[in-house]
Amino acid sequence: MNDLDDREPHRPPPRRRRAPALALILAAALAGPTAADYLVTRGGERIETRGPWTVKGRMVIFTDARGTLSSLRLEEVDLAASEEATRAARLP
């Protein structure tokens with residue numbers, strides 16, 4: 001066994017490893033705002049979601065505008081109004 005076997009594997013300098021992540025952040029910032037999806041409750045409240053919401057059994061699962069995974073009971077959500085609010089938000 002020689003001294004070369006005890007060395008750590010070569011690692012690039014830290015700024016090289018961060019370059020792809022910084023490029024993605026910059027690209028996302030330059031892309032501009034995207035249209036949000038919305039849930040409308042039976043009480044009339046509009047909840048902005050990050051990405052689409054889905055119905056799973058008796059729950060509506062969504063990621064809220066802050067990025068937190070959330071859910072509402074299906075009976076609390078007006079699905080037709082939610083689809084219309086989402087469709088309207090995507091119009092130019």
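**Charged pairs, core and strand pairing**

Arg-73 is partly exposed, its relative accessibility in this predicted model being 48%. The value of 48% falls short of the cut-off for an exposed residue, which is over 50%, and Arg-73 is therefore placed in the intermediate class. The side chain of Arg-73 takes part in a salt bridge with Glu-76, in which the closest N and O atoms lie 3.9 Å apart. Glu-76 is likewise partly exposed, with a relative accessible area of 33%.

The setting of this pair is a protein of 92 residues, 18% of which count as buried. Its secondary structure consists of 2 helices and 5 strands, and, read from the N terminus, these elements follow the order α-β-β-β-β-β-α. The accessible surface of the protein amounts to about 7,500 Å², and carbon and sulfur atoms account for 56% of that area. Among contacts between residues at least 6 apart in sequence, 34% join residues that are at least 24 apart.

In total, 4 salt bridges are counted in the model. One of them joins Asp-37 to Arg-90, with a separation of 2.4 Å between the closest N and O atoms. This pair links distant parts of the chain, since Asp-37 belongs to strand E1 and Arg-90 to helix H2 (residues 79-90), 53 residues apart. The two partners also differ in their surroundings: Asp-37 is classed as buried because its relative accessibility is 5%, whereas Arg-90, with a relative accessible area of 52%, is exposed. A further salt bridge is formed between Arg-66 and Asp-64, where the closest N and O atoms are 3.5 Å apart. Here too a buried residue meets an exposed one, for Asp-64 has a relative accessibility of 12% and counts as buried, while Arg-66 reaches a relative accessible area of 71% and counts as exposed. In general terms, side chains of opposite charge can pair when their charged atoms come close.

Among the strands, E4 (residues 59-63) and E5 (residues 69-73) pair in the antiparallel sense, and 5 bridges are found between them. Within this pairing, Thr-63 stands opposite Leu-69 of E5. The two strands form a hairpin with 5 residues between them, and in the turn Gly-67 adopts a positive phi of about 95 degrees.

The largest nonpolar core of the model comprises 7 residues, namely Leu-39, Ile-47, Trp-53, Val-60, Phe-62, Leu-72 and Val-77. More broadly, nonpolar side chains tend to be buried together in soluble globular proteins. Within the core, Phe-62 touches Leu-39, Ile-47, Trp-53 and Leu-72, which are among its contacts once residues up to four places away in sequence are set aside. The contacts of Phe-62 also include Thr-49, Thr-68, Leu-69, Ser-70 and Ser-71.

Another core residue, Val-77, has its C-alpha atom 9.1 Å from that of Gly-44, although the two are 33 residues apart in sequence. Gly-44 is located in the loop between strand E1 (37-40) and strand E2 (46-49). In contrast to the buried Asp-37, Gly-44 is counted as exposed, because its relative accessibility of 52% is over the 50% cut-off.

Methods: Residues numbered from 1 in each chain as written. Predicted model: local features only at pLDDT ≥ 70, side-chain atom pairs only at ≥ 80, totals over all residues. Heavy atoms only, no water. Core = buried A, V, L, I, M, F, W, Y, C linked by side-chain atoms within 4.5 Å. Buried < 20%, exposed > 50% of the residue type's maximum accessible area, 1.4 Å probe, protein only. Contact = heavy atoms within 4.5 Å. Helix = DSSP H or I, 4+ residues; strand = E, 2+ residues; numbered from the N terminus. Areas by Shrake-Rupley, 256 points an atom, 1.4 Å probe, with all protein chains shown as cover. Pairing = 2+ DSSP bridges.
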